[in-house]
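Biologist: Please choose one part of this model and look at it closely. Start from the inside, work outward, and tell me what surrounds it.

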Amino acid sequence: MALFTSAPDSLCILRLSAIGDVCHAIAAVQAIQKEWPTTKITWIVGKIEAQLIHDLPGITVIPFDKKMGLKGMKAIWSQLNNQRFDALVHMQLALRASVLTLGIKAKYKVGFNRKRAKEGQWLFTNRKIEDTASAHVLDSFYSFVEYLGVPKSEPTWNIPLSEADMAFVDEHIPTETPYVVISPAASKDERNWLTERYAHLAGWLHEQGYHVVLCGSPSDRERLLGESIASLSQTALINLIGKTSLKQLTAVLNKAAVVIAPDSGPAHIATTQGTPVIGLYGHSNPKRTGPYNSLPYVVSVYEQHVTQQQNKPIEELKWSTRVKGDHIMQDITLDMITNSFQQLASTFNSTEKGNK
């Protein structure tokens, strides 16, 4: 039975990180807004992620800096001291996030089903969603939506981009020719594809008539990866790694013909922009964390490695089982990606997409 039979006055959303998961949560939260436009929504989110969602229409966004620890939590509690929400929607499994809920006043605190509530999350909630079977993270977030009383719908996203954000693209990329974004870095280096193969892929894309743009965060390891790819490439690349804000990156991904990336934030941001993604997966299950609208084009070696390491068929494994090892991604070949790209390219007019 739904928690609410009519629109509640207020909801507090707690999903702090990471960027990809926040992108999934945006679709769920905006589904609530469509069904209950009068409901006041407050979203507590990580400091970095807030750069992406700070201006979502109709949502009060409160950034939380995890580096501040208890002091940061007290600042949130003080800010919300005079508010009592109809429900707190607790979408984060981390213990830090659960401790943060202690100072947030709400009649209902809704969390994951106990079977999925890692790090003791179930101890901090008084209502649990029923879902124990959905594979993809986005579908599990939609289970919160349905539990509240909002009918399930196709995910859509509305992330505002300013004229300046869009102009950034035109200033740095010659958009009269379609371009492909390669976002080469995952959260850990072992989950990246091989540097020299990225360079070969860039050359192949150039031969197909595309500009190639590198994107990523300003971290030293991502900058070095981009520089290495560019130095090995036989064609000129547009290297924007570390040179964009999150909103500028979103605009770059918006205008791209295709995005190629391992499991990472940019892959999921691209999904919010309607841009097709070729995800490169080896360590995590693409059916759980893959680019939601581009799953048919994922290039994955996860299945073969996880069954080998666990010595069980994939149907018997937990939905979050990961593959270990720093050699996994080398089993993704250049041909696997070019074949997926050609399959994808046959389904849309790349010139129109590149100049949308």
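Modeller: I will start with enclosed space. A search of the whole structure, which is a predicted model, finds 1 cavity of 30 Å³ or more. That cavity holds about 50 Å³ of space. Which residues line the largest cavity? They are R191, D263, L280, Y281, G282, H283, S284, R322 and M329. By class, this lining divides into 3 nonpolar, 3 polar and 3 charged residues.

Take R322 from that lining. R322 sits in the loop between α12 (302–310) and α13 (334–345). Is R322 buried or exposed? Neither label fits: its relative accessibility is 35%, so R322 counts as partly exposed. The buried class ends at 20% and the exposed class begins over 50%. R322 also comes close to another lining residue. R322 and H283 are 39 residues apart in sequence, yet their C-alpha atoms are 5.5 Å apart in space.

The loop that holds R322 also holds N311. The backbone of N311 stands out. Its phi is near 55°, a positive value in a residue other than glycine. N311 has a relative accessible area of 70%, so N311 is exposed.

Now follow two other lining residues, L280 and Y281. Both belong to strand β11, residues 277–281. This strand is mostly covered, with 5 of its 5 residues buried. In a regular strand the side chains alternate between the two faces of the sheet. In β11, V277, G279 and Y281 point one way. I278 and L280 point the other way. L280 and Y281 therefore point opposite ways from β11, and both line the cavity. Residues on either side of β11 are buried.

What flanks β11? On one side is β10, residues 258–262, which pairs with β11 in the parallel sense over 4 bridges. V259 stands opposite V277 in that pairing. The chain gets from β10 to β11 through helix α10 (residues 265–272), and this β-α-β crossover is right-handed. Another facing pair is A261 and G279, the latter in β11. On its other flank is β12, residues 299–300, joined to β11 by 2 bridges and running parallel to it. There the cavity-lining residue L280 has V299 as its bridge partner.

Step back to the sheet. It is open, has 6 strands with parallel pairing, and runs in the order β9-β8-β7-β10-β11-β12. Its edge strands are β9 (238–239) and β12, each of which pairs on one side only. So where is β11 in the order? It stands between β10 and β12.

A second sheet is worth setting beside this one. It is also open, with 6 strands in parallel pairing, in the order β3-β2-β1-β4-β5-β6. The edge strands here are β3 (59–64) and β6, each pairing on one side only. Within this sheet, β1 and β2 (residues 40–46) run parallel and are joined by 5 bridges. L11 has I41 in β2 as its bridge partner.

Two loops by this sheet's strands carry unusual backbone geometry. A18 lies in the loop between β1 (10–14) and α1 (19–35). The peptide bond that leads into A18 from S17 is cis, with omega near -10°. The other loop runs between β5 (106–111) and β6 (127–128), and E119 is in it. Phi of E119 is positive, about 55°, although E119 is not a glycine. At 51% relative accessible area, E119 is exposed.

One open space completes the tour. The second largest pocket has a volume of about 380 Å³. It is lined by 17 residues, and the closest to its centre are R116, L317, K318, W319 and S320. The lining divides into 6 nonpolar, 4 polar and 7 charged residues. Why does this pocket lie between two domains? Domain 1 (10–148) and domain 2 (164–354) both give residues to its lining, so it lies between them.

Terms used: Residues are numbered from 1 along each chain as its sequence is written. This is a predicted model: local features need pLDDT of at least 70, side-chain atom pairs count only at pLDDT 80 or more; totals for chains, interfaces and linings use all residues. Side-chain values use heavy atoms; hydrogens and water are left out. Buried means under 20% relative accessible area, exposed over 50%, partly exposed in between (1.4 Å probe, protein chains only). Two strands pair if DSSP finds at least two bridges between them. A crossover is right-handed if, with the strands pointing away from the viewer, the path from the first strand over the helix to the second runs clockwise. On a 1 Å grid over the protein atoms alone, a cavity is a set of points where a 1.4 Å probe fits but cannot get out, and a pocket is an open set with protein on both sides within 12 Å along at least five of seven lines; lining residues have an atom within 4 Å of a point. Grid points are joined across faces, edges and corners, and a volume is the space filled by probe spheres set on the points. Ala, Val, Leu, Ile, Met, Phe, Trp, Tyr, Cys and Pro count as nonpolar, Asp, Glu, Lys and Arg as charged, and the others, Gly among them, as polar. Domain bounds come from an automatic or database domain assignment.
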